[in-house]
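Dear colleague,

Please find the structure below. My notes on it follow.

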Amino acid sequence: MGVSVDLVKHYQSSEILFPDVDPNNGYRYYTIRHGERIVASRKYRKMGFSVNEAKEILYEKDVDEIKEMLHEKKLELDQKIKLLQLKNSRIQEVYEEFEEMGHKVGSVEIHDGPGFYYLPHVIYRHLNDNEKVINELPEWMESLEFLYKTYDVKCKSDNIFYDKTIGFYIDEKYFDALGFKKIDDIEYYKPSKRLIYYMKEEYSTDRYLEEYVMEFIEKGLKTGSKIKREQVFAQHIMDSNEDGKRYMYYKIICFLDY
């Protein structure tokens, strides 16, 4: 039947198989009808049911109850397929971002940016102790493949920084598709035109992100754009090791003032 002796024993202990037992020596005997039980059980196992659920279907449930179990399993698989499709789409986006960063480093462009949500979980280098944020973090951490580690940097016109948080950035389409909850402490930014600076820098503990942001603002101002200095995001794209050196790749994102 293509199954191991151990699996047959497991099916017996799970009460899916009831072998014939010789009362004289305790030997167990399996016939073709036991093989049919193995086939039936394996069929439902391959559909995603547990051993116990397979036993219920084979021995305990009527037709209507089995139909309900099949319907629930289909809904469960539909949800998994949806998530896999989202992950597949996300992997393609990350691939394209890596490819894009390779030839756009150092350039400044104006883009129509999508709506996104930002969950600040570090404030002034300390974990955000807001209970609502803490409660949301586990769910966001379960979907890290859809998130960006992002710095939210605010500065005054005299180049003095007065706020910086670290958080998770997620595009609106993924936020909605994954069913994340909307709470006041999750910041929402609607679709708008943004100035993007593609940055690659060798990793250094001597420079702060604010310095990179100021360089970006200066580049942005040279394009003649009106920049909202009070709202600048540094979106981490990737790290790489090249010739024994570690490099950081960021998109510095600034909203435009029209």
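How many nonpolar, polar and charged residues does the lining of the second largest pocket have? It has 5 nonpolar, 3 polar and 9 charged residues, where Ala, Val, Leu, Ile, Met, Phe, Trp, Tyr, Cys and Pro count as nonpolar, Asp, Glu, Lys and Arg as charged, and the others, Gly among them, as polar.

Please note that this is a predicted model, in which local features need pLDDT of at least 70 and side-chain atom pairs count only at pLDDT 80 or more, while totals for chains, interfaces and linings use all residues. Residues are numbered from 1 along each chain as its sequence is written, and side-chain values use heavy atoms, with hydrogens and water left out.

The average pLDDT (the predictor's confidence in each residue, from 0 to 100) is 87 for the protein, and 89% of the residues score at least 70.

The second largest pocket (an open set of points on a 1 Å grid over the protein atoms alone, where a 1.4 Å probe fits, with protein on both sides within 12 Å along at least five of seven lines) is lined by 17 residues; lining residues have an atom within 4 Å of a point. E97, P114, Y169, D171 and K251 lie nearest the centre of this pocket. Helix 4 (helices being DSSP runs of H or I, at least four residues, numbered from the N terminus) gives the largest share of the lining, 4 residues.

Elsewhere, L7, V8 and Y11 in helix 1 meet I38, S41, R42 and R45 in helix 2, contact meaning heavy atoms within 4.5 Å. The residues of this contact comprise 4 nonpolar, 1 polar and 2 charged.

Yours sincerely

Conventions. Helix = DSSP H or I, 4+ residues; strand = E, 2+ residues; numbered from the N terminus.
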